[in-house]
Amino acid sequence: MAKEGNSDAFTKISGHIHEISHSYFLSKYRGKKILNKDDVDDLTANVYIAFAEQYQKIESIENWLRRVLFLTFVRFYKQNNLKRTTQLKESIAADDSYIGTDQQHDINAILKEIDTLSDEKQEIIKLRFWGDMQFNEIAEKLNKNEAAVKKMFYRSIEEIKNKLR
């Protein structure tokens, strides 16, 4: 009925869309995948707006909502973690007041060696140290097996240690 222009039906359905979206993103906030509660409201609003723009073309609301919630969260999560990883690396490199000259030299050498690793190895190391993620979370994010991520991580650390000797 909402597709035919019935405003009451649209209001009812869009209210459900809003409730489900808010509940979904709130669960991500409670699970510490979303760090700021304002982001929960923003993501909910984005899904609601997408629904309002596309509702007349949607064949299956349940499938559409499932897909849009997932894609909205994944896009947000990737953007947020990329920014967070970069900010953490920059803040660690910039805040050297707590370490001596020799240690600063060591940190710079380590960061330089990390930059020589493959993109995949760099990502695993950054997510583990700067992103403070567990191996299972990294594996999920990179769509890899947890054991493979652990192996790559430890081999990368060993590779860096050998280069620094």
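This passage walks through the fold, the nonpolar core, one buried charged residue and the largest pocket of a predicted model.

To start with the overall layout, the protein chain is built from seven helices and has zero strands. Read from the N terminus, the order of elements is simply α-α-α-α-α-α-α. Of the 165 residues in the protein chain, 30% are buried. Among contacts with a separation of 6 or more, 55% link residues that sit 24 or more positions apart. As for the surface, about 11,000 Å² is exposed, and carbon and sulfur atoms supply 50% of that area.

Next comes the inside. In soluble globular proteins, nonpolar side chains tend to be buried together. Here, the largest nonpolar core takes in 33 residues, and those with the most contacts inside it are Phe25, Ile34, Val47, Phe51, Trp64 and Ile125. Two or more residues of this core come from each of α1, α2 (37-54), α3, α4 (101-116), α5 (119-129), α6 and α7 (146-164). Helix α3 puts in the largest share, with seven residues. Phe51 gives a feel for how the packing works at the level of one side chain: leaving aside residues up to four places away in sequence, Phe51 touches Phe10, Ile13, Ser14, Ile17, Ile58, Ile61 and Trp64. Two of these names, Phe51 and Trp64, also appear among the core residues with the most contacts.

A charged residue turns up under cover as well. Glu113 belongs to helix α4. Its relative accessible area is 16%, and because the cut-off for buried is under 20%, Glu113 counts as buried. Setting aside residues up to four places away in sequence, the contacts of Glu113 are with Ile160, Lys163 and Leu164.

Finally, there is the largest pocket, which holds about 340 Å³ of space. Its lining is made up of Tyr24, Lys28, Lys33, Phe70, Phe73, Val74, Tyr77, Lys78, Met133, Glu137, Glu140 and Lys141. The elements giving two or more residues to that lining are α1 (7-30), α3 (61-94) and α6 (135-142). As in the core, α3 takes the largest share, here with five lining residues. In terms of chemistry, the lining splits into six nonpolar and six charged residues, with no polar ones. Lysines such as Lys28, Lys33, Lys78 and Lys141 are therefore found in the lining alongside Glu137 and Glu140, with aromatic residues including Tyr24, Phe70, Phe73 and Tyr77 also part of it.

Notes
Residues are numbered from 1 along each chain as its sequence is written. This is a predicted model: local features need pLDDT of at least 70, side-chain atom pairs count only at pLDDT 80 or more; totals for chains, interfaces and linings use all residues. Side-chain values use heavy atoms; hydrogens and water are left out. On a 1 Å grid over the protein atoms alone, a cavity is a set of points where a 1.4 Å probe fits but cannot get out, and a pocket is an open set with protein on both sides within 12 Å along at least five of seven lines; lining residues have an atom within 4 Å of a point. Grid points are joined across faces, edges and corners, and a volume is the space filled by probe spheres set on the points. Helices (H or I, at least four residues) and strands (E, at least two) are DSSP runs, numbered from the N terminus. A nonpolar core is a set of buried Ala, Val, Leu, Ile, Met, Phe, Trp, Tyr and Cys residues joined through side-chain atoms within 4.5 Å. Buried means under 20% relative accessible area, exposed over 50%, partly exposed in between (1.4 Å probe, protein chains only). Contact means heavy atoms within 4.5 Å. Accessible areas come from the Shrake-Rupley method with a 1.4 Å probe; for residues, only the protein chains shown count as cover.
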